[in-house]
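Colleague: Please give me a close look at a single chain and how it packs against its partners. Spell out the cut-offs as you go.

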Amino acid sequence: MITTEQVAHLANLARIALTPAEIDKLTGELGTIVDSIAKVSEVAGPDVPATSHPIRLVNVSRPDVPGATLSTEEALAGAPEHDGARFKVSAILGEEQ
Amino acid sequence: MAKPELMDYDKAIELFEPVLGFEVHVELNTRSKMFSDAPNPAHPDFHVAEANTQITPVDLGLPGSLPVVNEEAIKYSISLGLALGCSIAPSSRFARKNYFYPDLAKNYQISQFDEPIAFDGNVEVELADGRTFQIPIERAHMEEDAGKLTHVGGATGRIQGAEYSLVDYNRAGVPLVEIVTNIIYGAEGDAPELAKAYVSAIRDIVVSLGISEARMERGNLRCDANISLSPRGSGKLGTRTETKNVNSLRSVERAIRYEIQRQAAILAGGGTIIQETRHWHEDTGRTSAGRPKSDADDYRYFPEPDLLPVEPSTQLIEELRAALPEPPAVRHRRLKESWGFTDLEFQDVVNSGLLVEVEATVTAGASAQQARKWWTGEIARLANAAGEDAATLVSPQQVANLVALIDDGTLTDRLARQVLEGVIAGEGTPAEVVESRGLAVVSDDTALIAAIDDALASQPDVLAKIRDGKVQAAGAVIGAVMKAMRGQADAARVRELVLERANA
Amino acid sequence: MTFTRMTASELGEKLAAKEISSVEVTKAHLDRIEAVDGDIHAFLHVSASALSTAADVDSRRLAGEAMGPLAGVPIAIKDVLCTHDMPSTAGSRMLEGWTPPYDATVVRKLREAHLVPLGKTNMDEFAMGSSTEHSAFGPTHNPWDLERIPGGSGGGSAAAVAAFEAPLALGSDTGGSIRQPAAVTGSVGVKPTYGGVSRYGAIALASSLDQVGPVTRTVLDAALLHDVIGGHDPRDSTSLRDEWPVFADAARAGRDGRSLKGTRIGVVKELNGEGFQAGVRSRFAEALDIMSAAGAEIVEVSAPNFEYAIAAYYLILPAEASSNLAKFDSVRFGLRVNPAGGGTVEDVMAATREAGFGDEVKRRIILGTYALSAGYYDAYYGSAQKVRTLIQRDFDAAFEKVDVLVSPSAPTTAFKLGEKLDDPLAMYLNDITTIPANLAGVPGMGLPMGLAPEDGLPTGMQIMAPARADARLYSVGGALEALLEDSWGHTMISQAPALEPTEMFAARGGEV
C-alpha cells in the first residue's frame, strides 16, 4: 500500500515540487501499477543471477590520453545563468557534500 | 555561536574509549579524468586552468553523453589496493549514488557500492615512540570527484548567508579512490596521533606509488574522520560524528582531539551526541555542526548501466604487485640504516611526517644529516608558525640546493636561514635569493683584513690584550668585524685572521 | 514517380547515377513537409540548412568524391538524438530550444555518409510513451487516420516516413519505440542488437534498454541505414566490437530469393493470444501461411517468463530513468523556473522539475525512485533484474530450436488519440510484444503485415533474432516483405490515404 506521505517523500528525493493534487493522483496510480508489477518478486529464486547488462562485456576502458575539451562558450551556451566563466545558481540550503 | 564546552583531554580518555574510522579520498594523477578524456587537473601538467575549461560533455553531464573508464585509473587503483594489503576483486562494478547537489553534474556520482575493486586490507602505522599499530582497511573503491562551488555574498565565502553560488566543473570527474577503514578500537589516548599517523601513512603510500600528488592543501588527499566515544565499561558503541574539511596532517590530529573533548563534555553533562557531519575550522580550531544524517540519505545505489564490470586478470594483478614499491615499514628500516641515523633521529623524521621530503632531499644530493636537520628544524618551525604543512613550503630540490651552498662555503647556517625565508617567500631558487639579497659569505680575505685592521686600530686596548695572550678579548673585534660585514662572513675565519693580524 | 514516393535505395541509385540531384530531392521533401506536416506534426524542427547541405553533397559528387549508397538522401532524426546545429529537446519542455555543443555518434555518421538531415521528429517526452501524446509540443497524428495515434515513443519518425515527408528516419527503441510505431503506421523499423549502434548522444531513457535504429518504408532501406549507423564507438562502453556483415546484402538476398526454405521460424505462444485484435491475428496467420508456403518450418515455441516482461520492464526502465533524468536540474542547460518569491537552489530545482516534466515523466520518475529506494530495492529492482535473466534464458532456449522468432509487432492497430491517456497501465500493456527483445538485448524488426479487415489500419509483423544475428532480420524480413507484396500485388504503404495539403503551414526554421 503506497501512502501520500511516501509519494511526498519520493518527490522530495526526486526533487520535484509536486502539488498536493498531483501527490494524491500519483498515490492512486502508483498503487495500481505497483500491484500489477509486484509479481516480479515471486518469479525468480535466490539461485537466479541478476542481469544488469543485456550483452555481457567486461573491462571496457579507454587509454589515458586527454582529448578535446569544450570551449567556455560552448560549455556555458545552454546555461540558464552564468557569470561568463561559471554556472550561477541560487543560494544553497544544504552544505558541502 | 557560543563556544562549546570541552572536557579536559586526559579526563575524557579516562571516562571514554574513543572509537575511530576514516574515509580517505585520494585524487589520482592520471593525465585524463576517470570517465572522460578531459585533462585531469590533479595531474601536475594541468593544475592551472580557467574555470570550466577542463570539461567535455561527459563532465558537464550533458544529455546523451556517456562515461568510459580510464584504464590507467583502474591500474592505479589496483596498485593502491595491493599496497594497502587488500584483496583485489576478481569482478567489481561501478554503481550510481543518487543525490542532488549543484556541484554534481549528473546529480548522481559514479562510485562503487557492493562490489569495490579492493577489500580487506591492513596498514601498519608508527607512533612517535616507535610503537606500531595495525589499521584494518575495509575497502578501497573508485569514484569520481565533484565540481567546485564558490559562494558569493554573505560572510567569508561560506555557504551560510551566501546570495548565490558559482559552479566550476573542472574538478568534476577527477579520479578518486576512497579508502575506508573498519572500526578502529584500542587507539585510546593516542587517537589523535594515530589519526595523523594513518593519514601520513596513506600519503607515503600514494606518493611512493606515484599515483597522486597527495597535497592535502590542494585537496589531493582528503580525510573524513568518524569518531564516537564509548563509556568505559559500558561495552556499547557511542553515536558517531563525521568530521570533514580536515586539510592538513596537523588538523587531522587537532580535529580528532577537539571532537573527543567536545563529545566527552556533552556525554558527561548527560547530553546525547547527534549523528551528523561536522566541519573542521582550521582558523578557530573547532568543528561546527553540519547536516544531520537521516532517512533522507537514501542514495538509491544501483549498478551503473553505462559501464561494464572490471575484471582484472591475475596476470595484470601480479604484474602490478611485482612493481609495488617496498612497504613503508621495510623502507623505514632500510633508510635508517643507510642514513646512519639513531633511533631518535629517525623517529624524529617519521614523526614530523617529512620522511618523503627528507628522502627526496637526500636523493637530490644533500647529506642525510643536513636534510634531517633542515626539515625537522628550521622548515618545520616556519611551517608551524605559518600553520601549514612543511612539505608545502619548499621543495626537496630547493633544500638540497641550500645545503649545497652551505657545504661549499657560500652560506653559513645563519645566512642559509635567511635564504630559506626568501625561497619560501617565493623569491626564487636558493642561488637566486643569495644573488638578489646579496647574502653570500664574504670569502675575500682582503676585504676581511681591511675590516680587521680598522677594528684593531679603533680598539687599541683590545689589541694590547690580545698581544698579551688574552685571546678571549678577540671576541669584541670579531663582533665588530661581523657587524661591518653585515654578518656575511665566516666567523671562524674572521677569528683566525684577527689573531694573525693582532700578532703580526 | 515523385521523389517523395521513392525509396531511399532508389533515390540513392539515381543520385549516384547523377540522374537527379540531392537539392531536388531535398526540396521535394521540404515541400511535402510544408504541405502535410500541419496535419501530421511529425516534425518539431525543420532544418534551415538542409538545402545547402544537399547542394554541398551535389557539388562534392560532381567533383568526383566517392560517396556511400545513401549520399544525398534526406533523413529525419528523432529529437532524442543530439545535433549540434538543431535544437534537441527529446519532446520535453525541459530542453526547449536547447542546442547541444556536439553531435550524437549516429548523427556524425549520417553526416559523414553525406545524408541530408531534414529536421527533428516528435516523440513522447524523453521517449516515455507508446502514442507520442506525451510530447510537450503536442501529439503527432497517424497518416492513415489523423484521429489516431502514430505509436510511440517515435511516432514522429514513423509518421514522417509513412506520410512521405522523409524516406528515412532515425528512431530509438527502449521497449518498442521503433517497432510499435512501425506497426501502426505501416512502416519498417529495426531495433538492433544492444550495443550494435552507439548510444553516445542519444538522450538516455533507460541505459540498459535503449538502442538507436532505422525507421523506413522498406526492409532494404532499413538495412542500408543500419549499415551507416552501426559499428563500434569508443565513446559508448556498451558498444560491441563485432565486425558486422553488410545488412543491405542480406536484405537484397532475402528479397531476391523470396525463399525461406530451411528457415525455422518460431511463433511465440505467449505473444499471440488474449488481448490481440482479431484483424491482427488473422493477418499474422496469413503471413505464417505465406512463409510456410515459401519453405519455412513454422514451430510454436513457449517463452513462459515473457509473462513477467512488462512488470520487469516497468521497474527497470523507471529506475534507470529516474537517475538518468536527474541531470535536468536547471544548472547547466535547459529550463529554469524560479519559484515565486525566490528560493534556494533546492527550491529552484524542484520548481523547475515540477514545471518542466510532463505527467508521464513524473509518474515514472516517482515509480523508479520508489523501486530503488532503501527497503524496496531487492523486491523490485533486484527481482526485475533476475526476471531479465529468465527472459534471456527463454530466448536462449527458443533459439536452440529456431532461427528467428515472430509475433505481431503490436496487439492492436492504432488506437484513437486520447483513448488510453488516462489509463497508464493500459498504455503499458500495449508494449507486451516488443519489451522482451529489449530486456534480452536481442534485435527485432517490425514490418508491414497487411491491413486489419475490421478497421483498414496497418498491422505489423515482428521478427526477432539472436543477439548479434541482426542480418537474419534482413534476410527473413526481405523475403517476407517481397512475398507479402507479391500476394497483395502492391506495397502496403501505397494504400495509405493521400494527404491533402493543409492551409496551416508546417513548422519551419526552428520553431517547435
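Modeller: What follows is a walk around chain C, from its contacts to its interior.

First, the ground rules. This is a predicted model: local features need pLDDT of at least 70, side-chain atom pairs count only at pLDDT 80 or more, and totals for chains, interfaces and linings use all residues. Residues are numbered from 1 along each chain as its sequence is written, chains are lettered from A and ligands numbered from 1 in the order in which they are written, and side-chain values use heavy atoms, with hydrogens and water left out.

Start with chain A. Here 65 residues of chain C are in contact with 55 residues of chain A (contact means heavy atoms within 4.5 Å). The two chains bury about 4800 Å² between them, and 69% of that is on carbon and sulfur atoms (buried area is the accessible area, 1.4 Å probe, that two parts lose on being put together, summed over both). Arg336(C), Ile366(C) and Lys386(C) supply 13% of what chain C buries there, more than any other three residues.

Charge pairs also cross this interface. Three salt bridges link chain C and chain A (a side-chain nitrogen of Lys or Arg within 4 Å of a carboxyl oxygen of Asp or Glu). Arg363(C) pairs with Glu29(A) in a salt bridge at 2.8 Å, N to O. Between these chains there are also 16 residue pairs in polar contact, both residues at pLDDT 80 or more (N or O atoms within 3.5 Å; within protein, one must be able to donate a hydrogen and the other to accept it, and residues adjacent in sequence count only if both atoms are side-chain atoms). On the side of chain C that touches chain A, the elements giving two or more residues are α10, α11, α12, α13 (378-401), α14 (424-429) and α15 (435-440) (helices, H or I, of at least four residues, and strands, E, of at least two, are DSSP runs numbered from the N terminus). α13(C) gives the most to that side, with 12 residues.

Now chain B. The contact takes 38 residues from chain C and 33 residues from chain B. About 2700 Å² is buried between them, 60% of it on carbon and sulfur atoms. Ser237(C), Lys327(C) and Arg332(C) supply 22% of the area that chain C buries against chain B, more than any other three residues. Two salt bridges are counted between chain C and chain B. Asp37(B) and Arg235(C) meet in a salt bridge at 4.0 Å, N to O. There are 17 residue pairs in polar contact across this interface, both at pLDDT 80 or more. The elements of chain C that give two or more residues here are α10, α11 (345-356) and α12 (359-372). α10(C) gives the most, with four residues.

Return to Arg332(C). The side chains of Arg332(C) and Asp329(C) form a salt bridge at 3.1 Å, N to O. At 1% relative accessibility, Arg332(C) counts as buried (buried is under 20% relative accessible area, exposed over 50%, partly exposed in between; 1.4 Å probe, protein chains only). Asp329(C) is buried too, at 0%. Elsewhere, salt bridges that share partners join Lys25(A), Glu29(A), Glu360(C), Arg363(C) and Arg364(C) into one network.

One buried charge is unpaired. Asp233(C) sits in the loop between α7 (219-229) and α8 (247-257) of chain C. Asp233(C) is buried yet has no salt bridge, and the nearest side chain of opposite charge, Arg108(C), is 4.7 Å away (Lys and Arg count as positive, Asp and Glu as negative; His and the chain ends are not counted). Leaving out residues up to four places away in sequence, Asp233(C) touches Thr105(C), Ser198(C), Tyr200(C) and Ser239(C).

Last, the nonpolar interior. Leu81(C), Phe126(C), Met461(C) and Tyr474(C) touch the most other members of the largest nonpolar core, which holds 182 residues (a core is a set of buried Ala, Val, Leu, Ile, Met, Phe, Trp, Tyr and Cys residues joined through side-chain atoms within 4.5 Å). Helix α10 (residues 309-324) of chain C gives the most to this core, with 11 residues. Not counting residues up to four places away in sequence, the contacts of Phe126(C) include Ile203(C), Leu205(C), Phe328(C) and Phe357(C).
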